[in-house]
Amino acid sequence: MTEVAVKTREKLNIVAVGHVDHGKSTLIGRLLFDTNSLQDGAIEKVKRISEQNGKPFEYAYLLDAFEEEQKQGITIDTTNINFSTAKRDYIIIDAPGHKEFLKNMISGASSAEAALLMIDANEGIQEQSRRHGYILSLLGISKVFVIVNKMDLIDYSEQKYNDIRQEFNKFLSNLNIFPIEYIPVAAFYGENIAKRSDNLSWYHGVTILEALDLVQKEPEAENKPLRFPIQDVYKFDNRRIIAGKIEAGTLKVGDEIVINPSGKKTKVKSIENWPNFYDKNYVSAGMSVGITFEDEFFNKRGEIISHAENKPQKGNLFNVNIFWMGKNPLVKGKTYKLKLTTQELECEVFSINKVIDSSNLNEASHFDCINKNEVAEITIKTKQVVCFDEFVDFQSTGRFVIVDGFDVSGGGIVLKTDDTLKNRMLEPLSKNLKPHPRLVTRQQKEKKLGQKAKVIWLTGLTGCGKNEIAAKLEKKLFELDKTVCYLNSSNARFGISSDLEFSETGVYEQTRRLAEIANQFINNGIITVVSSINRYKKAREIAKDIIGSDDYIEFHIDATENVLKKRALKGFYDNNENNDIKQLYEKSEYPVYSLYIDNFEFNSNEKVDYILENIKHIL
Amino acid sequence: MDHLETIEAQSIYILREAYKHFGKLGMLWSIGKDSTVMLWLAQKAFFGQCPFPLIHVDTNYKIPQMIEFRDKLVKEQNLNLIVHQNKEALEEGMCHEKGRLLCCENLKTKPLQEVVKIYGFEGLILGVRRDEEGSRSKERIFSERDNESNWDYTDQPPELWDQFKTDFKKGNHIRIHPLLHWTEVDIWKYIQKENIPFVDLYFAKNGKRYRSLGCYPCTFPIDSEVTDIEGIIEELKNTKQTERSGRAQDQEDAYAMQKLRSKGYM
């Protein structure tokens, strides 16, 4: 057990959880004892203390170091114990089982990669067994062993063991926890801990010791898209160093990067190291690093660096699951502090959607507040825009804590967002609403359709030829086996927008409607062509914002004055006081594709080919 | 990333969090192996600087080589060091013969409390590790102390997902423990890997070496012939003695460390 010769041994964090007195500390103490991992005098010290306190010998005292813990025979706070097998090193985290100390259990379990969930065979499944199971699922710990302890108290009965197993399996499967193994043990007597037991000869599975080595360690999030939250910006000398920990992905010198939420782009100039400057030029998930940018602009803690593809979501409204540990309940209308990676900002509860009694998974009947030890689904509203990911995709940017006054009082994970709301989520006028999950994603639909959905937004003054080009573009895409939709602004005026005026306000509203409709289409996997005059650049920026800059491709159909006048309805431009009608169109400040038409009888097929040439590689 | 890289990255993250959140920040340097590693990690975190002062609580009973090493490193690396003593207690003849725990309280805990008050520290970085002893195994990475440096260990705040306690009542301070997750073997492996200078009292002379450093009346060397780091690592793999078994104050009472630390001891 003490063979530690290999230089870089793997280390795994594993937590023991479960109801009070179901034997977590005893199990760990016995495991240390049976594997000869205790230091000299440890058992003697425990014997002495047990005698002093007038209590029988307890393995648990090996871990319960506080006087109060030993005198009262309960674990108050979590302990980390180092332990080794031939395969690797472990940190075993002993978590308290008292409801009162749930915050300490969560502190311990939050750093675990796997869990031993203890159940007393005699008492069976109790409140904290279920609650801890629920917390494990919220913390994203899916590698779980269920340990049925104190088998001696039920005469080592296989039947009773199977009953517990069946009942608990049903509960855990509702939480999407599928235990790796169930193991019957009598921890105090060391049965099925390091050695098998004759009393449990009907059990042919692994012992606890064997079980630990079964856990496969999660690989670092190196292969995921980059997430690098800025922790601080240093200017100790002439270098301006952006410091932080890479939470996912990799980064190297020369990479083009985006700073979120502002969307500013730059390149990585250098990766800074001390004491050897040239140590690393490639950094990846898990590392604490410092980099410099090619462009120097104002950066601050909390911004998240990503590559141009696969940026984090951003918004000020999002749906979460939360567990509350605060002395005071979590209520609506009060300002709290939200901490998500290095972002810290004010937030409040927008709506409470569901409150769950985590001891039985029943829905509570109240919606006004979340009490200590309750779990809930809520919608959070932050004062400023925050960057985040869905917890299922990115653990570290998908979870957060809530600070009430001076105290961290809640922890939560970001739930899946409907694709159509991912790019932005606005505040509805009623707080009795919540965004609903869908079961089919945009990605799945795109895969089925064999295409990537984009919005191809054709704009230009009346007469420029955009409608003719757009109609042919739709046909051409259709013939290429694409699933495509064409939204014509004029046609919309006969339908959804028949109520709108042709004033500037009306034009803005018309753009918003077209963009929102296009947003629905692309998030259902459908390529969408829009044609609209859209002469105000601000209006087009709104469209781009609604659709998202990654999915919005703007083509400006520019034409000579002569072409415009000839192609527009007779007399359309006659009332225009401005002699230069082309000035009516405000050009965009960001790069767009431009088509120039100088011939009244232009070949629209050629224009369609030009558009396709530029976009076919991304569809 | 291997294990040493992982714990190094975690410690650097913690040090940077401390530096970001606390304007008045200091780092306790006991001249021992752990806090010397911590100084190295700080220099790594801040690209060669240590942007906060080091604090040495000098009991006047430290092993002389420790003070030599301290002064040498301060000079070579131009470090900002605050040395503080409880002069009054020393003048009154405080020493371990008056009671080890009383001596620790007067010559270590008390001057530490004073330093916090004199300099108005909001954050104190300490090199304690969970595997040292029981009360440290229950510590948080960011651990609050009240205005008298008391630690309410029965009601510690939750600490999860690298989100630490950075909000607290004025007058209180936060103890920051960047090495909490390191083991004794980790420290030595890291010293070896990074070639970090340390005081050579840890190597054997005349069949004895120090495993843990402190005041000479209360710190006893262990039997050992080891004269290199490789040897120390090998020795630790085979020992069943606790690291602090040579520290007399720990043995005074079953709960000695808990009692000392709840009053502000390091």
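Me: Is helix α1 of chain A, residues 24-34, buried or exposed?
Reply: In this predicted model, 10 of the 11 residues of that helix are buried, so α1 of chain A is largely enclosed by the rest of the structure.

Me: Which residues of α1(A) are the buried ones?
Reply: They are A:K24, A:S25, A:T26, A:L27, A:I28, A:G29, A:R30, A:L31, A:L32 and A:D34.

Me: And what covers them?
Reply: The cover includes four strands of chain A, namely β1 (11-18), β2 (79-84), β3 (89-94) and β4 (114-120), together with the helix α7 (208-212) of the same chain.

Me: What follows α1(A)?
Reply: The helix is followed by A:N36, which has a positive phi, near 60 degrees.

Me: Switching to the interface, how many residues does each chain bring to the contact?
Reply: Chain A contributes 78 residues and chain B contributes 59, and the area buried between the two is about 5800 Å², with carbon and sulfur atoms giving 53% of it.

Me: Which three residues of chain B supply more of its buried area than any other three?
Reply: Those are B:F47, B:K138 and B:W161, which supply 16% of the area that chain B buries against chain A.

Me: How many salt bridges are there between the chains?
Reply: The count is seven, and B:D155 forms a salt bridge with A:K103 through their side chains, at 2.9 Å from N to O.

Me: Which helix gives the largest share of the side of chain B that touches chain A?
Reply: That is α1(B), with 11 residues, while the residues of that side as a whole divide into 20 nonpolar, 19 polar and 20 charged.

Technical notes. Residues numbered from 1 in each chain as written. Chains lettered and ligands numbered in written order. Predicted model: local features only at pLDDT ≥ 70, side-chain atom pairs only at ≥ 80, totals over all residues. Heavy atoms only, no water. Buried < 20%, exposed > 50% of the residue type's maximum accessible area, 1.4 Å probe, protein only. Helix = DSSP H or I, 4+ residues; strand = E, 2+ residues; numbered from the N terminus. Contact = heavy atoms within 4.5 Å. Buried area = accessible area lost by both parts, 1.4 Å probe. Salt bridge = Lys/Arg side-chain N within 4 Å of Asp/Glu carboxyl O. Nonpolar A, V, L, I, M, F, W, Y, C, P; charged D, E, K, R; others polar.
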